[in-house]
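Here are my notes on the model, as numbered points. Please read them with the structure open.

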Amino acid sequence: NISVMNAPEPFVFPGHSTSAWSMAVAAFCVGGPLGAVLAGQWADQRGRRGALMITTWLFIFGGFVQALAPSLNIVIVGRAIIGVASGASTVLVPIYLGELAPPSLRGVMGTMTQFALVIGILVADLVGFVLANPTGWRYMFFLTSAMAFFQLLLTPFLLESPRWLLGRNANSNKARFIIKKLRGFRYDEEVETEVEHYLGASKSQSRNDSNDNSGGSSAKNPMLEMFQDKKVRLLVISTLVMQVASQFSGINAVFYYSGLFFDGVIENPLVGTTLMGAINVLATYVALLLMDKCGRRTLIMWSSAGMFVSCIVIVVSLNGYFSDMVALGAVASYVCFFEIGLGPIPWLIVAEMFEGKYVAPAMSISCQLNWACNFFVGLFFPYINKSLGAYSFGPFAIVLLLTFMFAWIYLPETQGTTPAELQAEMVKKNAGRSYHNMDIEGMASHAPPSQDEWEQALAALEDEKVGLNISQSLSSNK
């Protein structure tokens with residue numbers, strides 16, 4: 001659904017205005033944040049499987065509305081419904097896979113989710129060769145419902161999360177049956193050991209939450225507490241900056257409007273769009289190889305710098321200084337550099353930056369901001385392209401330059417560190433600096449003791465030790 005609106009644009013209710021089509025594209029991002037908010041409630045109330053079933057029916061309904069729409073306004077409604085389902089899926093799928101997969105496979109399962117996303121974009125581009133025409137575009141939109149219906153047929157294999165079941169009832173036999181089926185255990189003792197792992201993690205989190213709330217009569221709002229905690233605030237800002245940079249880098253302008261961009265660059269714009277989709281899949285695979293070998297901060301800097309240079313080459317090429325093939329190569333480079341850094345890392349670092357009680361609110365606000373920026377790019381890029389022409393990638397280049405500078409100066413390295421270590425590092429790094437509306441000096445009190453403080457403490461300890469020896473000598477003389 002990210003790329004499905006690209007190829008059929010000339011054939012869907014011809015004569016539509018730029019603003020109407022922009023709204024049809026961006027409506028997907030209007031529904032996304034709503035779905036992300038509702039997903040948490042659905043997952044807690046109906047279970048992970050039940051919540052995924054809701055999104056499946058929304059995909060089916062939204063696909064039908066979009067395919068059978070009598071006007072572009074109804075297409076917009078269908079896109080918004082599909083956006084709700086997509087927004088909920090971005091929250092539910094990582095939770096569901098993380099709770100079902102054993103620790104050794106969680107990274108692989110998360111990787112498969114990213115692969116599924118980029119392969120879906122490529123499939124939408126390939127289908128455009130067959131169905132992007134005056135009579136086929138409705139069938140192209142109907143594929144959303146068809147894929148969701150296929151998922152509905154596979155629901156007998158969709159197991160409920162044992163963690164959710166055990167959270168509601170620690171003695172759940174259904175949870176034990178699912179664990180035995182998922183892990184291939186033969187003996188009940190093995191199942192009970194796995195159950196204890198699930199329950200132990202839940203009890204630990206409950207104790208942490210209880211300790212955090214013991215100082216007051218009621219629990220604080222984790223979202224507000226996250227911004228009020230001086231040790232965490234800079235990490236929150238870093239997370240939000242990365243989400244803004246991810247979308248305002250302009251990547252979805254390529255996937256939403258690549259037909260518009262390639263028009264005049266190559267003979268068939270759909271060929272360029274499909275080529276970008278294929279490169280996106282290959283770049284995602286390369287990103288997986290690099291992710292655990294290079295630091296997150298390093299990859300963000302390479303990603304933003306590479307995309308910045310690619311944007312400059314695109315602008316120069318579109319102004320006639322280089323050939324159209326150079327422009328096409330620059331777009332391919334731009335997509336590749338996005339996938340090694342600004343694509344996956346803004347989501348990855350959330351879990352690495354924050355302790356348990358902050359992960360959910362940090363992920364929630366990150367998701368909301370990402371969808372909001374996505375909406376603005378989808379809505380306004382046609383106007384940017386119309387106004388700036390060959391310089392339409394100039395604003396994205398500015399954002400990427402600022403992103404590189406932020407990563408170089410402020411962004412902490414999250415690989416191989418704990419949230420507590422990151423907080424201490426940020427406080428120590430920024431002690432002595434002052435920013436508008438941010439008391440960094442006050443945070444310095446949480447930093448490790450200075451050399452003078454260590455010397456004073458050691459001297460006091462030595463005096464105490466001498467005094468203790470004298471007291472023991474007097475006692476022995478008596």
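1. How much area does the protein expose, and what share of it do carbon and sulfur atoms supply? The exposed area is about 23900 Å², and carbon and sulfur atoms supply 64% of it. Areas come from the Shrake-Rupley method with a 1.4 Å probe, and for residues only the protein chains shown count as cover.

2. Some ground rules. This is a predicted model: local features need pLDDT of at least 70, side-chain atom pairs count only at pLDDT 80 or more, and totals for chains, interfaces and linings use all residues. Residues are numbered from 1 along each chain as its sequence is written, and side-chain values use heavy atoms, with hydrogens and water left out.

3. Overall make-up. The protein has 19 helices and zero strands. Both are DSSP runs numbered from the N terminus (helices: H or I, at least four residues; strands: E, at least two). Of its 478 residues, 45% count as buried. Buried means under 20% relative accessible area, exposed over 50%, and partly exposed in between (1.4 Å probe, protein chains only). Take the contacts between residues at least 6 apart in sequence: 77% of them join residues at least 24 apart. A contact means heavy atoms within 4.5 Å.

4. Cores. The largest nonpolar core has 88 residues. Met-5, Met-276, Tyr-334, Phe-354 and Phe-393 touch the most other members. Helix H1 (residues 18–67) gives the most to this core, with twelve residues. A second, separate core holds 21 residues, including Ala-39, Ala-88, Ala-175 and Val-195. A nonpolar core here is a set of buried Ala, Val, Leu, Ile, Met, Phe, Trp, Tyr and Cys residues joined through side-chain atoms within 4.5 Å.

5. Arg-176. This residue sits in helix H6 (residues 173–183). Arg-176 counts as buried because its relative accessible area is 16%. Leaving out residues up to four places away in sequence, Arg-176 touches Leu-166, Ala-170, Asn-171, Val-191, Glu-192 and Val-195. Val-195 is also listed in the second core. The C-alpha atoms of Arg-176 and Val-191 are separated by 6.5 Å, with the two positions 15 residues apart along the chain count.

6. Ser-366. Helix H15 (residues 356–388) contains Ser-366. Its relative accessibility is 0%, so Ser-366 is buried. Its contacts, not counting residues up to four places away in sequence, are Thr-239, Leu-240, Gln-243, Trp-347 and Val-350.

7. Helix H9 (residues 230–248). H9 has 19 residues and reaches 27 Å from its first C-alpha to its last, close to the 27 Å expected at 1.5 Å a residue. The expected span is 1.5 Å times one less than the number of residues. Gly-250 follows H9 and has a positive phi, near 95 degrees.

8. Helix H16 (residues 394–409). Which residues of H16 are buried? They are Phe-396, Ala-397, Leu-400, Thr-403, Phe-406 and Ala-407. An α-helix has 3.6 residues a turn, so residues three or four places apart point the same way. Met-405 is also in H16. Met-405 is partly exposed because its relative accessible area is 38%. Met-405 helps to make a nonpolar surface patch of about 600 Å², with Ile-398, Leu-401, Leu-402, Trp-408 and Ile-409. Patch members have over 30% relative accessible area and no salt bridge; like charges are joined within 9 Å, nonpolar side chains (Val, Leu, Ile, Met, Phe, Trp, Tyr) within 5 Å. A salt bridge is a side-chain nitrogen of Lys or Arg within 4 Å of a carboxyl oxygen of Asp or Glu.
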